Amino acid sequence: MIELFNADVAVENLGPLLAGLLLTVELTLVVMVLSLGFALLVALAGMSRFASLRWVIKAYVEVMRGTPLLLQLVYMYYVLPEFGIRLPAFVAGCLALTLNYGAYISEVYRGGIQAIGAGQHDAAAALGMTRGLAMRRIVLPQAIRIILPTLGNYFIGLFKDTALCSAVSIQEVLFTAQIIAANNYQYFTLYTVVGAMYFAVSFPAARLVGYLERVTRGGYRSRHP
Amino acid sequence: MTGQQPRPMIEIEGLHKYFGPLHVLRGIDLSVAAGEVVCIIGPSGSGKSTLLRCINHLEIAQQGRIRIAGEIAYRDEVGGVFRAHSNRAVAAVRAQVGMVFQHFNLFPHLTIIGNVMEAPVHVLRRPKAEAMRRGMELLTQVGLADKADNYPEELSGGQQQRAAIARALAMDPKAMMFDEATSALDPELIAEVLAVMRDLADRGMTMLVVTHEMNFARQVASRVIFMDHGSIVEQGDPAAIFADPREARTRDFLRTVLER
């Protein structure tokens with residue numbers, strides 16, 4: 001009879017697996033920060049008054065959405081060196097994920113910005129605000145509140161998608177498990193622990209997003225009524 | 001002071017505005033002197049709101065000239081060629097004219113005092129403490145000092161509109177424009193907003209008011225303008241316009257609205 005879950009194997013490999021999980025979280029956080037900033041630039045450029053810039057942005061977003069993330073990762077790591085661009089695995093992974101998530105999140109920003117009514121733009125303009133100031137002080141603060149839950153869901157997705165980085169030899173948690181399993185064949189135990197690790201992070205994160213959804217639906221109210 | 005007549009606060013010459021094929025303003029000439037309260041009345045679709053929005057450059061007129069406090073606003077015409085002013089110059093002119101909208105357009109993510117302080121702090125770069133002090137003064141003037149820390153959605157429509165008036169006043173505007181400021185309000189809330197506007201007129205503010213409140217126009221206006229189909233049909237002293245309009249179109253309009 002095959003032994004299923006081997007607790008000794010789990011415990012003795014917990015160290016490397018946790019180190020892998022840490023790298024997974026690091027990847028997620030780095031890409032989160034980069035893609036939040038990058039996507040905002042993409043969204044604003046996509047609403048520019050210069051048609052050529054809008055077309056470039058549109059093409060970029062469509063290419064990113066129309067090709068697999070795994071392919072984009074592999075491309076960044078294995079194809080770019082043929083053009084003399086040799087990126088460390090971690091950098092290539094962050095770059096590909098940022099380019100991919102930046103495209104999706106720019107669309108989220110765009111939706112949020114466009115949800116702010118003409119009346120808000122009129123009021124800001126009538127008070128002598130320039131477009132840039134109105135965007136920064138009036139439109140974006142309201143838009144970000146609207147899109148916060150959606151962003152949260154994207155980042156939970158990102159956390160799980162970092163597993164694809166195992167394909168470009170980044171030793172995040174899944175790749176770590178693959179390496180260990182290749183030696184001791186304890187697939188069930190190792191992959192179950194990895195699954196539990198992912199879930200232990202995503203589940204609370206999803207609850208947090210649910211909480212954000214409830215808060216943002218509640219509108220703007222004083223804390224001391 | 002020389003014996004010269006001071007320039008009007010707002011001067012408009014030959015203003016034309018088209019929305020596609022629709023000719024919304026058909027050559028408007030209008031001048032509003034400092035301290036004057038001009039009420040614009042007329043049927044919906046007559047171009048009253050568009051006129052106010054052109055004065056604030058929220059709509060861009062295709063033809064004509066606008067002067068605010070004597071300065072040519074928004075664009076220059078040199079040899080028949082228009083040259084638009086920079087965004088910064090446009091914003092600077094707008095900052096001098098307060099605007100109150102039908103739907104208030106308060107910023108929902110800011111408290112009432114935050115709404116009032118926003119432009120003085122970020123456009124005029126006034127110190128926060130000073131903007132706060134002046135803001136509280138204005139909120140007291142419109143009867144909302146106790147709502148300073150509330151958010152707009154916690155206020156009634158009438159309160160929101162009074163806050164919007166305070167927000168516009170916080171820029172120390174040279175003139176105030178009201179675009180159907182009471183049209184979106186429940187009937188019982190209209191009076192409190194009109195009272196604030198009347199108080200403002202008594203303080204000598206230059207005002208351009210698009211309104212359906214005929215009693216307000218009759219009692220507060222120094223001049224009433226009747227617009228129809230994008231033109232000024234008739235204007236004059238409120239007593240004269242309401243008691244004895246010269247034009248048939250004015251008579252027809254007043255009959256319909258006053259019979260209600």
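**Close-up 1. Arg65(A), which is partly exposed with a relative accessibility of 35%, and its salt bridges in this predicted model.** Arg65(A) pairs with Glu62(A) in a salt bridge whose closest N and O atoms are 3.2 Å apart. Both residues belong to helix H3 of chain A, which covers residues 51-66, and because they are three residues apart in that helix, about one helical turn separates them. Glu62(A) is likewise described as partly exposed, its relative accessible area being 42%. Arg65(A) also meets the side chain of Glu107(A) in a salt bridge, with a distance of 3.9 Å from N to O. This second pair links distant parts of the chain, since Glu107(A) lies in helix H5 (residues 89-114) of chain A while Arg65(A) lies in helix H3 of chain A, 42 residues apart. Glu107(A), at 24% relative accessibility, counts as partly exposed.

**Close-up 2. A salt bridge between the two chains, formed by Arg137(A) and Glu118(B).** The closest N and O atoms of this pair are 2.7 Å apart. The pair crosses from helix H3 (residues 112-122) of chain B, where Glu118(B) is found, to helix H7 (residues 131-161) of chain A, where Arg137(A) is found. Glu118(B) is buried, with a relative accessible area of 3%, whereas Arg137(A), at 25% relative accessibility, counts as partly exposed. In chain B, salt bridges that share partners also join Arg126(B), Arg133(B), Arg134(B), Glu137(B) and Asp172(B) into one network.

**Close-up 3. The contact between chain A and chain B, to which chain A gives 21 residues and chain B gives 27 residues.** About 2200 Å² of area is buried between chain A and chain B, and carbon and sulfur atoms give 59% of that area. Three salt bridges are counted between chain A and chain B, and a search of the whole structure finds 19 salt bridges over all chains. The salt bridge of Arg137(A) with Glu118(B), shown in the preceding view, has its closest N and O atoms 2.7 Å apart.

**Close-up 4. Two cysteines, Cys165(A) and Cys39(B), in a structure that holds zero disulfides over all chains.** Cys165(A) is in no disulfide, and the nearest cysteine sulfur, which belongs to Cys94(A), is 7.3 Å away. A disulfide is a covalent bond between the sulfur atoms of two cysteines. The cut-off applied here is a pair of cysteine sulfur atoms within 2.5 Å, so the distance of 7.3 Å from Cys165(A) to the sulfur of Cys94(A) does not meet that cut-off. Cys165(A) is buried, with a relative accessible area of 0%. Cys39(B) is in no disulfide either, the nearest cysteine sulfur being that of Cys54(B), 19 Å away. At 0% relative accessibility, Cys39(B) also counts as buried.

**Close-up 5. A nonpolar patch on the surface, formed by Leu4(A), Phe5(A) and Phe188(A).** Together, these residues have about 310 Å² of accessible area. Leu4(A) is placed in the segment before helix H1 of chain A, a helix that covers residues 7-12. With a relative accessible area of 55%, Leu4(A) is exposed, because the term exposed is used for residues over 50% relative accessible area.

Definitions and conventions:
Residues numbered from 1 in each chain as written. Chains lettered and ligands numbered in written order. Predicted model: local features only at pLDDT ≥ 70, side-chain atom pairs only at ≥ 80, totals over all residues. Heavy atoms only, no water. Patch = residues over 30% accessible without salt bridge, like charges linked within 9 Å, V, L, I, M, F, W, Y side chains within 5 Å. Areas by Shrake-Rupley, 256 points an atom, 1.4 Å probe, with all protein chains shown as cover. Salt bridge = Lys/Arg side-chain N within 4 Å of Asp/Glu carboxyl O. Helix = DSSP H or I, 4+ residues; strand = E, 2+ residues; numbered from the N terminus. Buried < 20%, exposed > 50% of the residue type's maximum accessible area, 1.4 Å probe, protein only. Contact = heavy atoms within 4.5 Å. Buried area = accessible area lost by both parts, 1.4 Å probe.
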